[in-house]
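Let's take a walk through this structure together. Have the sequence at hand and turn the view as you read.

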Amino acid sequence: MSETRQYGELATQLVLESRRSTQTDILLKYNDALVRSIIREQRDLEKAAEPLALLDGPPAPALIVIETAINRNKRCLLAYHTHRTDRLRDMYWAVGGALPHILSNQELRGRLSPHEVDFLREYHASIMDFRSDFSDELDIMASITQPPKDLHALVQVVRDCGWIQTELGNINFRKGERFMVRRADIEHLIVQGYLEEV
Amino acid sequence: MNWDEEYDLIAAKGAAANHFIGRARNALPDDDDFEISPLPGPGPSAQPAAVPLGLLLPTEDETPLQQLIRHWTNERNCPDILPAQEELLVTILDHIRRQSQTVQLLREDASTSEDEHVRIMLAQTEMERVKFIVRSYIRTRHYKIDRYARFITTNAELQRRLTGGEREHASRYANILDRHLFKCVLQSLPPAQAHLDDTAAFVPSMITQPDKTRPVFVHALQDCPRVRLPDGTALEMRKGHISLVPYHVIENLVARGEVELV
């Protein structure tokens, strides 16, 4: 990389990644290398600012430029991470709060940083606490995209999901089979992609 | 007055409309087919306890479900977090619980006829639909709470609008996010930069706040007092009037229930 880089150039790249992620609606891989180089830039800037800050009189223009760069870089870093946590939260809700479902997806897991996995775990714990405030009648994790039109749904099994307790007793859902079951019993399996409505 | 009488009242007014909202608004009393057949054994009382409706209804002839739907659309369209409707939710959830118990009893009863089974199914479907609205309402609030968690922890007025559970989650989440950002970024920065509450000049605040200048569609439920628009002119809305205005202009009208957001 050329040494004549402008202040804040790396941070712009980082924010650009967030932007791409929004536009393509994909969570990109956590860019550890870039985050580290920006943090290194921050330390260098801080070092450069120190002697300037000790000078008497009104702040030197150089100091103001550096401070501005520091502030901007920091905001870009935070924005990048917050953007990712927002996406993680959306993802979490999209699968109905099935955390193991997200974490067992190797491809997805590869894109997360270890801290982000921790974040998801802690978020999940907090949601579970919140959920327990509601009675069994109401599962706040269930889908809210389509209002229910029928009590029952005809579903096709896309992936094996083993024995599931339903209104009709226990059913072994095996790939390729079709069932007419109570929607409330299997809603979460549709959300997680085990079943498909026919 | 109990739910059945209330239903008769509405039916008499011919309020049933064909579209979803209209149907859902009239739905809750519909569920109350309590007199389908006598309950076997000493089950829970089939007749719901008479609810003192006077307590629930700010405006007459608005059922709890109609209120719920109003609060739900308001919440969904509002950039800010509105006061929690805990009492209303408790009423509705209790009602649903009583009904599912009744439905359970009737379904297990062999003497229930085919015709009644159809009616039970309708009642169950309607219950699922009401639950959907409750769920959507809670999740909408929850989404905003996550989004503004750090702002909520610093704002006492906003905290008063949340339920206990929501408040706890907000502070937990603000903590989780703080810690996450600290671990990812701040701890590696020089100490002078490792704060989350910078107030640098010309830079937006680090705490995400609800954007009250966002325009909303507002529908006047009654004649409203004059409000002042940002350009200085006044707007007086008559009953039924619909306009597009920045949220902060009509914030108080929403709080007093004189308008609804659509």
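The paragraphs below go from a sheet to the helices on it, and then to the contact between the chains.

Please keep in mind that this is a predicted model. A good place to start is chain B, where three strands form an open sheet in the order 4-1-5, with antiparallel pairing. Strand 4 and strand 5 of chain B are at the edges with a single partner strand each, so one side of each has no neighbour in the sheet. On average, and ignoring direction, neighbouring strands here are turned by 40° against each other. Strand 1 and strand 5 of chain B are joined by three bridges, and B:H219 has B:E260 in strand 5 as its bridge partner.

Now add the helices. Helix 5 (residues 64-77) of chain B lies across strand 1 and strand 5 of chain B, at about 60° to strand 5. Helix 11 of chain B also packs on the sheet, and its direction makes about 120° with that of strand 4 of chain B.

Look more closely at helix 11 (residues 247-255) of chain B, in which B:Y247, B:I250 and B:L253 are buried. Viewed down the helix axis, these buried residues fall within an arc of 115°, so they line one face of helix 11 of chain B. Their packing partners include strand 2 (227-228) of chain B. Just after this helix, B:G257 takes a positive phi of about 75°.

Finally, turn to where the chains meet: the contact takes 31 residues from chain A and 36 residues from chain B. On the chain A side, helix 3 gives the most, with nine residues. By class, that side has 15 nonpolar, seven polar and nine charged residues.

Definitions and conventions: Residues numbered from 1 in each chain as written. Chains lettered and ligands numbered in written order. Predicted model: local features only at pLDDT ≥ 70, side-chain atom pairs only at ≥ 80, totals over all residues. Buried ≥ 20, exposed ≤ 12 C-beta atoms within 10 Å, placed from the backbone. Helix = DSSP H or I, 4+ residues; strand = E, 2+ residues; numbered from the N terminus. Arc of directions from axis to C-beta. Contact = placed C-beta atoms within 7 Å. Nonpolar A, V, L, I, M, F, W, Y, C, P; charged D, E, K, R; others polar. Pairing = 2+ DSSP bridges. Axes fitted to C-alpha atoms, helices over the stretch in contact; angles between N-to-C directions.
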